[in-house]
Amino acid sequence: MANIKFYSGEQVPLEMHKVRIVQKLNLPPIERRLAALDEAGNNTFLLKNADIYLDMLTDSGVNAMSDKQLAAMMESDDSYAGSATFTKLETKIRDIFGMDYFLPVHQGRAAENVLARVFCRPGSVVPMNYHFTTTKAHITVNGGAVEELIIDAGLEVTSDLPFKGDMDIAKLEASITRHGAANIAFVRVETGTNLIGGQPHSLENLRQVSKVCKQHGVLLVLDASLLADNLYFIKTREQACKGMSVREITRAIADLCDIVYFSARKLGCARGGGICTRSRDLYMKMRELVTLFEGFLTYGGMSVREIEAIAVGLEETMDEDMISQGPQFIKFMVDELNRKGVPVITPPGGLGCHLDALRFIPHVPQTQYPAGALASALFLVSGVRGMERGSVSEQRDDQGNEVYSNMELLRLAVPRRVFTLSQLKYAVDRIVWLHENRDLIGGLRFVEEPKMLRFFFGKLVATSDWQHKLLAKFRADLGDSL
Ligand code: F0G
């Protein structure tokens with residue numbers, strides 16, 4: 001966003017867009033929200049939109065699209081093979097990432113399926129700064145293992161370190177030496193590390209990772225799904241990059257990697273995804289799997305309308321005004337909550353504002369899923385839907401033991417250009433109320449627990465009648481307010 005100073009001295013993020021299409025929202029009363037939670041098994045993935053006021057579950061596929069994206073969708077060229085629309089996206093990828101080969105897929109995890117099938121085998125290791133749920137699932141399903149090499153400070157919840165998503169270079173060298181380069185399927189850097197609070201990596205760190213990979217002849221793969229936010233942080237926090245344009249930073253990042261893949265539900269504000277590379281050899285290794293699982297090479301499971309929207313969305317990502325909207329709104333929310341003593345991840349990252357459930361409700365043990373409990377409590381008192389990013393999002397080990405996550409977070413995603421500042425203020429207000437009444441929040445336990453990706457489908461119940469007590473206190477404090 002442009003640097004615009006208020007005469008009053010107040011500093012609020014000022015939108016550099018206007019709203020031309022709106023969607024009506026509902027805020028059902030708290031009694032209905034309790035019933036909705038019950039129906040959804042306290043799993044916010046299973047709530048229905050009609051019961052939700054602010055949907056902060058994710059930024060995936062729900063970012064606002066621009067007038068130019070919608071216009072481009074109208075003139076898309078549909079054909080099974082060789083559509084002009086696909087050529088447009090291929091050209092845009094070449095222009096932005098400098099990569100000649102592009103494989104389209106229907107969304108990010110489809111790219112992960114292709115990568116894991118091609119490069120992982122039983123015994124392979126994939127070192128990475130931090131895992132993402134679907135990435136890890138694809139790697140392990142193909143017999144590989146994930147090794148997380150985030151810098152130690154990356155797991156400190158509160159910090160003022162600008163790049164908590166950096167990889168520990170010494171750990172990377174040790175990992176490659178320990179396993180042998182032949183057993184490393186690839187090294188993966190996740191830009192804007194999702195599960196540890198949307199924290200960015202620096203360009204300098206990626207440069208060092210790339211150097212180590214080259215020395216050992218190991219592939220470097222970038223998950224660029226959250227690239228827009230990471231670009232903003234490199235541009236604003238990395239001294240050496242202050243004079244670079246967003247486009248130059250993007251190109252510098254891509255030049256360091258062998259493969260760049262992304263979910264276009266995030267990057268490019270549309271729906272779909274893709275895998276980009278400069279190497280014909282790598283392209284040929286992956287090509288058949290795209291036609292097997294996704295569709296022909298000129299659509300890969302995407303509608304041509306979405307492909308048009310991605311091409312425009314990627315170009316719009318090169319605009320600092322556009323990429324700053326998300327991080328600046330998130331910073332507003334984080335700063336307000338932090339000021340009021342609510343435990344949040346700092347510094348503010350991309351993707352969303354993250355509440356630290358371990359400090360918010362320290363009396364709820366990890367065995368009772370504090371992040372899940374907080375997600376449930378917040379929905380109850382506000383109609384705001386967040387996403388559990390803690391132990392429920394983990395998977396049991398081979399012996400069936402719980403794997404407790406490093407962090408227990410409630411992620412409140414801020415989809416790009418969707419919410420207004422007053423809506424964020426409402427969310428902050430209800431979070432502050434909940435924090436003041438945190439002693440009333442209890443835990444959850446599973447009643448239905450799927451083996452894989454249990455956070456999507458699992459159902460849980462409250463370990464006591466704490467939700468009813470919270471509702472009663474809400475009514476006592478806020479009267480007949482919704
Ligand atoms: N990589 C990262 C870093 C992601 O955040 C996601 C999705 C994916 C890969 C998979 O992409 O959903 O298009 O298949 N993240 C979503 C989220 C689901 O809500 O954070 P996908």
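Reader: Which residue forms a salt bridge with Arg 454, the closest N and O atoms being 2.9 Å apart?

Author: This is a predicted model, in which local features need pLDDT of at least 70, side-chain atom pairs count only at pLDDT 80 or more, and totals for chains, interfaces and linings use all residues. Residues are numbered from 1 along each chain as its sequence is written, and side-chain values use heavy atoms, with hydrogens and water left out. A salt bridge is a side-chain nitrogen of Lys or Arg within 4 Å of a carboxyl oxygen of Asp or Glu. With its closest N and O atoms 2.9 Å apart, the pair you ask about joins Arg 454 to Glu 402.

Reader: How many residues apart in sequence are the parts that this pair ties together?

Author: Let's place each partner, using helices (H or I, at least four residues) and strands (E, at least two), which are DSSP runs numbered from the N terminus. Arg 454 sits in helix α16, while Glu 402 is in the loop between β11 (387-389) and β12 (409-413), so the parts tied together are separated in sequence by 52 residues.

Reader: Is Arg 454 buried or exposed?

Author: Buried means under 20% relative accessible area, exposed over 50%, and partly exposed in between (1.4 Å probe, protein chains only). Arg 454 has a relative accessibility of 2%, so it counts as buried. Its partner Glu 402 belongs to that class too: both are buried.

Reader: What other residue does Arg 454 form a salt bridge with, at 2.7 Å between the closest N and O atoms?

Author: This partner is partly exposed, because its relative accessibility is 32%. With the closest N and O atoms 2.7 Å apart, Arg 454 pairs with Glu 449.

Reader: How many salt bridges does the count come to?

Author: Here is one more example before the total: Asp 477 and Lys 473 form a salt bridge with closest N and O atoms 3.0 Å apart. These two lie four residues apart in helix α17 (residues 466-478), which is about one turn of the helix. By the rule given above, the count of salt bridges is 33.

Reader: Are Asp 477 and Lys 473 buried or partly exposed?

Author: Asp 477 has 40% relative accessibility, so it falls between the two cut-offs. Lys 473 has a relative accessible area of 29%, so it too is partly exposed.

Reader: Which residue does UniProt list for "modified residue: N6-(pyridoxal phosphate)lysine"?

Author: UniProt positions are given in the numbering used here, feature names are shortened, and annotations may be inferred rather than shown by experiment. The residue in question lies in the loop between β7 (259-263) and β8 (273-277). With a relative accessible area of 10%, this residue is buried. In the unreviewed UniProt entry, the feature is placed at Lys 266.

Reader: Which residues is Lys 266 in contact with, leaving aside neighbours within four places in sequence?

Author: Contact means heavy atoms within 4.5 Å. Under that rule, the partners of Lys 266 are Thr 58, Asp 59, Ser 60, Asn 63, Asn 194, Ser 225, Leu 226, Leu 351 and Arg 416.

Reader: How far apart do the C-alpha centres of domain 1 and domain 2 lie?

Author: Domain bounds come from an automatic or database domain assignment. This one gives domain 1 as 30-59 + 320-478 and domain 2 as 67-316. Their contact takes 32 residues from domain 1 and 39 residues from domain 2. From C-alpha centre to C-alpha centre, the two domains are separated by 28 Å.

Reader: Which peptide bond is cis, with omega near -5 degrees?

Author: Look in the loop between α12 (320-339) and β9 (352-356), where Pro 347 is placed. The cis bond, with omega near -5 degrees, runs from Thr 346 to Pro 347.

Reader: What is phi of Tyr 369 near, in degrees?

Author: Tyr 369 lies in the loop between α13 (357-360) and α14 (370-382). With 4% relative accessibility, Tyr 369 counts as buried. Its phi is positive in a residue other than glycine, with a value near 55 degrees.

Reader: Which residues does Leu 478 touch, not counting those up to four places away in sequence?

Author: Leu 478 is in helix α17, and at 27% relative accessibility Leu 478 counts as partly exposed. Leu 478 and Trp 433 are 45 residues apart in sequence, with 10.0 Å from C-alpha to C-alpha. The residues touched by Leu 478 are Arg 430 and Trp 433.
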